[in-house]
Amino acid sequence: MKSERFIFILFWLCSLFSVAFAQKKYPVIDRPIIFDAERKQLSLEYLYKRHGLKQTEPSIKPVMVVLHWTEIPSIETTFKVFNRSTIPGSRKELTSASALNVSSQYMVDRDGTIYRLLPDTVFARHVIGLNYCAIGVENIGGSNSPLTQAQLEANEQLIRELKSKYPIAYVIGHYEYTRFKNTPLWKEADPNYQTSKTDPGKLFMQKIRARIEDLHIKGAPANK
Ligand SMILES: [Zn+2]
């Protein structure tokens with residue numbers, strides 16, 4: 001009788017611990033941006049003119065996840081920015097390279113809710129030289145609005161999910177992308193086409209790398 005009671009208490013304690021330490025699962029919500037004939041055409045042109053890849057479909061083979069922050073404070077405003085197919089004329093440094101609007105496959109809100117804007121393997125313009133092989137994750141926040149613990153956990157969840165589906169070999173912060181120049185992965189026609197980036201911050205990358213250490217995913221090559 002005594003041992004039965006002991007086993008019961010052991011079970012109860014185990015279930016209590018598993019609830020307390022179970023990873024919270026953040027929802028992934030489909031919220032597709034416009035991908036009309038114009039966006040398709042501009043994506044194919046970008047793939048050809050900038051990355052040197054002649055394709056009939058605007059698809060990618062993901063081997064990399066690039067983490068960003070938006071510097072735009074809300075999901076709604078960011079969605080509006082990404083939703084149109086062409087880039088506004090005000091972003092001169094980008095329009096000269098292509099009329100295709102910027103976007104990413106995922107957005108992560110400050111409460112960790114994940115929004116999927118495009119299927120994982122559809123082309124998005126979010127990182128010079130590497131779009132053709134990189135899935136983009138935009139986090140709502142920026143230099144004046146540090147990314148949250150929920151976003152850290154949601155990014156980890158998303159990276160683990162993507163790693164289970166694709167041969168993801170690299171996870172990088174956007175500010176690290178130029179380190180791929182002079183590597184076989186870099187595909188950009190104009191050696192001078194480059195923008196300076198700080199997102200999503202070094203601290204966030206340090207934290208995310210510590211959380212996914214067991215996946216043995218590489219970072220960007222070291223600065224030369
Ligand atoms: Zn970025």
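**Exercise 1.** In this predicted model, how many bridges join strand β2 to strand β5, and do the strands run parallel or antiparallel?

*Solution.* Find β5 at residues 134-139. Six bridges link β2 with β5, and the two run parallel. For one position in this pairing, take Val 66 of β2: Gly 136 in β5 stands opposite.

**Exercise 2.** Which residue of β6 stands opposite Val 65, and how many bridges join β2 to β6?

*Solution.* Strand β6 covers residues 170-173. Four bridges join β6 to β2, again with a parallel run. Opposite Val 65 is Val 171 of β6.

**Exercise 3.** Sort the residues of β2 by the way they point, and state whether they are buried or exposed.

*Solution.* One way point Met 64, Val 66 and His 68. The other way point Val 65, Leu 67 and Trp 69. Residues on both sides are buried, that is, under 20% relative accessible area. Since six of the six residues in 64-69 are buried, β2 is largely enclosed by the rest of the structure.

**Exercise 4.** Describe how helix α5 packs with helix α6.

*Solution.* Start with the geometry: α5 (residues 149-165) and α6 (residues 202-211) pack at about 50°, and their axes are 10 Å apart. This angle makes α5 oblique to α6. The crossing is right-handed.

Next, list the contact. From α5 come Gln 149, Gln 151, Leu 152, Glu 153, Asn 155, Glu 156, Ile 159 and Arg 160. From α6 come Phe 204, Lys 207, Ile 208 and Arg 211.

Last, sort the contact of α5 with α6 by class: four residues are nonpolar, three polar and five charged.

Technical notes:
Residues are numbered from 1 along each chain as its sequence is written. This is a predicted model: local features need pLDDT of at least 70, side-chain atom pairs count only at pLDDT 80 or more; totals for chains, interfaces and linings use all residues. Side-chain values use heavy atoms; hydrogens and water are left out. Buried means under 20% relative accessible area, exposed over 50%, partly exposed in between (1.4 Å probe, protein chains only). Two strands pair if DSSP finds at least two bridges between them. Axes are lines fitted to C-alpha atoms, for helices over the stretch in contact, and angles run from 0 to 180 degrees between N-to-C directions. Angles under 35 degrees count as roughly parallel, over 145 as roughly antiparallel, 65 to 115 as roughly perpendicular and the rest as oblique. A crossing is left-handed if the near helix is turned anticlockwise from the far one by less than a right angle, and right-handed if clockwise. Contact means heavy atoms within 4.5 Å. Ala, Val, Leu, Ile, Met, Phe, Trp, Tyr, Cys and Pro count as nonpolar, Asp, Glu, Lys and Arg as charged, and the others, Gly among them, as polar.
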